Each structure stands twice: as structure tokens, then as C-alpha cells.
Amino acid sequence: MSIKLKNGIILATGENGDFRVLEGSCIVINGKIIEYIGPEEDAPCADEVKDMRNRILMPGLVNAHGHGPMTLLRGVGGGLALQEWLETAIFPIEDKLTPEDIAVGERWAIMEMLASGTTCVSDMYDFPWKTWEVMKESGIKGNVCRVGLSFSDTEEIPTNRFNECVSLVRDYKDEDDRVFSEFCLHSEYLTKEAFVRKIAEINSELHANVNVHVSETRREHEECKARHNGLTPIQYLEKCGILDENTYAAHCVWVEDGDLEIMKEKKVSAVFNPSSNCKLASGFASIDKMLTKGVNVALGTDGCASNDNLNMFEEMHLGSMIIKNIKSDATKLNSEQMLKLATVNGARAMGRTDTGELKVGKRADIIAVSLDKPHMYPAFNIPNLLVYSAQGSDVVMTMVDGNILYENGEYKTIDAEKARFEMKKCIDRIYG
Ligand SMILES: [Zn+2]
């Protein structure tokens with residue numbers, strides 16, 4: 001099956017990795033792959049042709065840090081500080097969640113993400129087997145992990161939790177290479193050294209990605225130093241042998257200059273979560289410094305209880321505003337850099353070098369952003385328009401691996417009415 005997308009404005013990637021805005025060109029997708037980008041007169045024929053007039057075609061957004069089923073906790077505990085938020089608002093609800101709830105909450109999250117242009121998402125939450133299945137059914141791309149936790153220095157590894165982490169990575173393989181299973185360490189403060197070392201050891205054979213929360217709050221960062229003879233979370237994780245190019249670290253708000261050296265050397269990616277960090281008043285990550293040092297930086301929404309939505313356009317917009325202001329420099333983190341955080345850098349962080357760019361030979365993960373609404377005209381500079389003016393609701397088409405999953409308000413792989421009904425049933429039970 002081949003599709004031609006014609007008459008759109010294309011945000012392609014040139015040979016040097018920079019964006020090129022193409023007008024009067026088309027994209028031809030053959031199966032899962034972008035086969036052609038260029039003038040329509042030279043384009044190969046396709047089975048289906050779609051007119052993308054007044055649409056920007058850009059790479060699908062990559063949400064590199066999230067907890068999808070937390071749609072079930074959207075807005076819960078709003079206004080509380082992090083520790084109180086977790087202990088009094090979040091944990092008591094999470095205790096009630098069943099595997100079936102997870103499937104329902106994840107499906108709801110995927111609907112929100114597809115409708116706002118996310119084609120690939122990282123997910124860290126309970127019952128990941130359910131999340132894995134729902135991602136497979138829906139057609140979205142994602143990385144899924146069993147949350148790595150350990151609480152006792154004296155426990156014998158392997159624990160049940162450790163075995164579950166390993167069996168997810170070993171047993172959940174996707175023949176389409178679309179849903180990845182990976183390792184996770186919740187954080188330095190919720191794992192013990194023996195557990196971290198054992199995950200590092202087994203991953204030297206399995207080569208999966210490792211998803212970890214790092215230095216989200218000042219308290220967590222300082223308590224780690226107090227526990228480990230002055231070592232920061234990054235220094236401690238390095239000592240445990242876990243850090244390499246497969247590792248991607250969410251937040252990194254309080255990382256220090258020495259940590260950035262380690263991240264650069266070990267090729268660890270950082271994930272910027274502007275809304276979540278603002279809502280929980282965790283602070284501002286030094287994104288500009290990370291990029292200057294050569295650290296790969298991606299972008300994420302975090303979960304729905306600390307954001308409270310999964311809209312990557314909002315993250316791009318807010319993240320840009322924050323960095324410009326904390327640096328008192330309007331030239332910092334420009335729109336093209338921000339678009340890379342939200343696309344190709346996120347793909348790289350999640351172990352995917354075959355997506356995140358509109359380029360011949362890459363996977364066809366493409367979204368169409370409408371220029372119809374007043375806030376999208378005039379369109380003098382496409383990257384600026386996408387970061388500073390576009391809304392998630394301007395997305396009119398979302399394609400993953402050449403399959404259209406969402407178009408003009410309709411889902412192709414999800415029964416939206418049934419999903420809403422099931423969501424309401426879960427919410428009524430959990431909060432009733
Ligand atoms: Zn998180």
C-alpha cells in the first residue's frame with residue numbers, strides 16, 4: 001500500500017540535519033517507509049492520493065516521558081506540593097487500580113495523544129503488559145517498562161519485581177518493531193544499589209533502553225548526596241554501571257555541571273518536562289546548558305496528574321518560554337531546536353534512529369497540522385508558527401508507520417464511544 005500526500009507545506013530534514021521547509025512538493029509513503037520527498041512531477045505513483053492543501057506536514061511528536069494510564073488521575077491533587085501530592089492524593093487512588101483500569105486509562109491517553117500529534121510515547125506505569133497490548137492494538141509507537149523498585153539493602157536479587165522487569169524485556173517482543181519493552185529504575189530514591197547493579201549487569205546482554213527519573217526535585221537531589229557520600233543521582237547511577245547510550249533520564253532539573261559531563265560522555269539523554277516541573281514547582285532544567293554541552297535533550301509531558309494533559313504542542317510552547325526567560329535571552333532554545341527536542345531527539349532517546357524526521361528511508365510517522373484557524377495565519381516562519389502559535393487541536397491527521405490512525409476527529413483503530421463509556425465506568429468505580 002502506498003500513499004501520496006500532496007500540496008502540503010513539508011517540514012523535511014536536510015542532509016545536514018537541519019529543517020528544510022518545502023512548498024510545491026509531495027511525500028510518497030510505501031508501506032511503513034518514506035519513499036520520496038520532492039516535486040510532484042517527479043514523484044512515483046501511489047495507490048492513494050491525499051490533498052494536504054493548507055496543511056503543514058511534519059514529523060510526528062515523540063513524548064519521551066509519560067505515565068499514560070494516569071489519565072485516570074487527571075488533575076488529582078492539583079495545588080499540592082510534590083510529597084503531599086504523592087502521599088495523600090496519588091498513592092491512595094493508585095492502590096485501587098486493576099489491570100483492566102490500566103488498559104482503559106492507556107487507551108484514553110493514546111486517544112488524546114493521537115489527536116494532538118504524538119506518534120511515539122514512553123510509558124512507565126503499573127501493569128505494563130496491559131499498556132503493551134493497548135499500544136499494539138492502537139497502532140501507536142511506544143516504549144514500555146515494568147517500574148523498577150527495591151526497598152531493602154538486604155533483599156536477595158532476583159526479587160519478584162526484578163524478574164518481572166526482566167521477563168517484560170525478554171518476552172514482549174514486537175515483530176513490527178513498533179512497541180519496545182525496556183528496563184526502568186524508578187529513581188535513585190526508590191531503588192537500592194544491588195538492584196541497580198543487577199539491572200545493569202543483565203542489560204549488558206539484553207541491550208534494552210533504561211528509563212529513569214533523575215534529580216526532579218532539589219530535595220531528592222540533596223538527599224541522594226547525603227546518602228551516598230556526596231554523589232549526585234547521576235554520579236551514583238554511573239557508579240552502579242547503569243549509564244550508557246541506552247539510558248534516558250526524565251527531569252534532570254537539579255543536575256550539576258559534573259553530571260552533564262558524565263551524561264555527555266556516556267551519551268545519556270535528558271527529558272525536559274516543562275509543564276510538570278512548573279505545576280509541582282520543581283524548578284527549571286538547564287536545557288540550554290545541556291544542549292551547549294552536547295547532551296541529547298528530548299521533551300515529555302509526564303503523567304496527567306502533574307500536567308494535566310498530554311499535549312506536546314503545549315510543552316514546546318511553555319518549554320521555549322521558560323528557557324528564554326531563565327536565560328534572559330530571547331535567542332535561546334529557538335523554535336527549530338525545540339522542534340528537534342520534540343521529534344528526532346526524543347526518538348534517539350528512546351532508541352529509535354529510524355524515525356523523528358521527514359527524510360527518505362525513515363519510518364512514515366507523520367502528522368498534518370491545519371492552517372485553517374485564524375491563529376495559524378499569516379504563516380511567515382513555519383517552525384516559529386508550530387512552536388509559538390499552533391495548538392494540539394490543529395492536528396488533523398496522525399500517521400504511524402504509514403498507517404493513518406487519526407484523521408479529522410476520527411480514530412481508525414479505536415472505538416471512541418466505547419472507550420469513553422469504559423473510562424466513565426472506571427472513574428465512577430474508583431472515585432464513587
Ligand atoms: Zn515521571
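How many bridges join strand S4 to S5, and which way do the two strands run? Let's start there, and keep in mind that what we're looking at is a predicted model. The count is six bridges, and S4, which covers residues 25-30, runs antiparallel to S5. If you want one spot to find on the screen, go to Val-28, which stands opposite Tyr-36 in S5.

Now zoom out a bit. These two strands belong to an open sheet of four strands, in the order S5-S4-S1-S6, and the pairing is mixed. At the edges you have S5, residues 33-39, and S6, residues 48-51, each of which pairs on one side only. Going from one strand to the next, the twist averages 20 degrees. As a quick reminder, strands of a sheet pair through backbone hydrogen bonds, either parallel or antiparallel.

Okay, so where does this sit in the chain as a whole? The domain assignment splits the chain in two: domain 1 is 2-59 plus 357-411, and domain 2 is 61-349. Their C-alpha centres lie 28 Å apart. In the contact, you'll find 28 residues from domain 1 and 32 residues from domain 2. About 2,400 Å² is buried between the two domains, and carbon and sulfur atoms give 65% of that. Which residues supply the most on the domain 1 side? Those are Phe-19, Val-387 and Tyr-388: together they make up 26% of the area that domain 1 buries against domain 2, more than any other three residues.

Next, a helix. H5 takes in residues 193-206, so that's 14 residues, and it reaches 20 Å from first C-alpha to last, close to the 20 Å expected at 1.5 Å a residue. Which of its residues are buried? They are Phe-195, Val-196, Ile-199, Ala-200, Ile-202 and Asn-203. Here's a bit of background: an α-helix has 3.6 residues a turn, so residues three or four places apart point the same way. Have a look at the numbering of that buried set with this in mind. As for what covers the buried residues of H5, the list includes helix H4 (160-171), strand S11 (179-185), strand S12 (210-214) and helix H7 (233-239). Right after H5 comes His-207, with a positive phi near 55 degrees.

That brings me to the backbone oddities. Most residues other than glycine have a negative phi, and most peptide bonds are trans. So here are some exceptions.

First up is Ala-281, which isn't a glycine but has a positive phi near 55 degrees. You'll find Ala-281 in the loop between helix H9 (274-279) and helix H10 (287-293). Is Ala-281 buried or exposed? Exposed, because its relative accessible area is 68%, and the cut-off for exposed is over 50%.

Then there's Asn-408, also not a glycine, with a positive phi of about 45 degrees. Asn-408 is in the loop between strand S18 (403-407) and strand S19 (410-411). With a relative accessible area of 57%, Asn-408 counts as exposed.

Last, the cis peptide bonds. One joins Asn-307 and Asp-308, with omega about 5 degrees. Asp-308 is in the loop between strand S15 (297-299) and helix H11 (312-326). Another cis bond joins Tyr-377 and Pro-378, with omega about 0 degrees. Pro-378 is in the loop between strand S16 (366-370) and helix H14 (382-389).

That's my tour, thanks for listening.

Methods:
Residues numbered from 1 in each chain as written. Predicted model: local features only at pLDDT ≥ 70, side-chain atom pairs only at ≥ 80, totals over all residues. Heavy atoms only, no water. Expected span 1.5 Å × (residues − 1). Buried < 20%, exposed > 50% of the residue type's maximum accessible area, 1.4 Å probe, protein only. Contact = heavy atoms within 4.5 Å. Pairing = 2+ DSSP bridges. Axes fitted to C-alpha atoms, helices over the stretch in contact; angles between N-to-C directions. Domains from an automatic or database assignment. Buried area = accessible area lost by both parts, 1.4 Å probe.
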